[in-house]
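User: Can you take me through the ligand site and then the cysteines?

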Amino acid sequence: MEKIKVVAMTAAHVAELARLEQLCFSEPWSEAGLAAELNNETAFFRVAEDAGGNVLGYVGMHCVAGECYIDNVAVFPQARRRGAASALLADLVAWAKAKECAFVTLEVRPSNTGAIALYEKFGFAEAGRRRRFYRDPEEDGLILTLNL
Ligand SMILES: CC(C)(COP(=O)(O)OP(=O)(O)OC[C@H]1O[C@@H](n2cnc3c(N)ncnc32)[C@H](O)[C@@H]1OP(=O)(O)O)[C@@H](O)C(=O)NCCC(=O)NCCS
């Protein structure tokens, strides 16, 4: 089994993660937006690396008063289906449990069946919908929540 490390996001990751955002999303986070999270006390941003230190993917979350909101989960196309997102989510859920958070929640496009399958493996369940949440293309946001 390939070794995947999960580490805290640092300034050294930011440019590569902005590139990953561009590859994955129609409204990508910018380098400045990611860098701002380095000094945000409510942010929990973690990066998956291979044994050689290459960035495979990342996850970003904000937690306030025990309520955790995942902003993004993204893995480089060439690194998918190797367990990187699973390693990131396992790390994130373990952290939220250790902090005695009440829940972790996120929005996902209903058409993103791969991501939904990933979240369901971790026990996330549908908790509602946000109408026309996404743009370009427009789509509802499915709210998935994991109660801890
Ligand atoms: C969704 C995403 C983060 C998954 O990352 P990943 O590292 O490939 O995920 P993992 O390898 O940990 O997959 C774990 C499980 O999730 C499910 N899964 C992941 N991607 C899937 C896909 N494309 N189709 C079906 N199931 C999928 C599978 O059950 C998989 O287990 P398996 O490989 O043993 O079958 C990645 O495809 C991605 O970055 N997509 C573009 C960005 C995105 O949509 N992010 C989510 C926004 S809410």
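User: How far is the backbone of Ala-85 from an oxygen atom of the ligand?

Analyst: A backbone N or O atom of Ala-85 is 3.0 Å from a ligand oxygen, within the limit for a polar contact, a pair of N or O atoms within 3.5 Å. For Gly-83 the corresponding distance is 2.9 Å. A polar backbone atom of Gly-114 lies 3.5 Å from a nitrogen atom of the ligand. This is a predicted model, where local features need pLDDT of at least 70, side-chain atom pairs count only at pLDDT 80 or more, and totals for chains, interfaces and linings use all residues. Residues are numbered from 1 along each chain as its sequence is written, and side-chain values use heavy atoms, with hydrogens and water left out.

User: Which residues come nearest to the ligand?

Analyst: Val-73, Val-75, Arg-81, Ser-86 and Asn-112 do, out of 20 residues around the ligand (a heavy atom within 4 Å).

User: Which element gives the largest share of that shell?

Analyst: H4, with six residues. Strand E4 (67-75), helix H3 (84-98), strand E5 (103-108) and helix H4 (113-121) each supply at least two; these are DSSP runs, at least four residues for helices and at least two for strands.

User: Switching to cysteines. How many disulfides are there?

Analyst: Zero, a disulfide being two cysteine sulfurs within 2.5 Å.

User: Why is Cys-101 not bonded to Cys-68?

Analyst: Because their sulfurs are 3.5 Å apart, too far for a bond.

User: Are those two buried or exposed?

Analyst: Cys-68 is buried at 0% relative accessibility, and Cys-101 is buried at 9%. Buried means under 20% relative accessible area, exposed over 50%, partly exposed in between (1.4 Å probe, protein chains only).

Conventions
A polar contact is a pair of N or O atoms within 3.5 Å; within protein, one must be able to donate a hydrogen and the other to accept it, and residues adjacent in sequence count only if both atoms are side-chain atoms.
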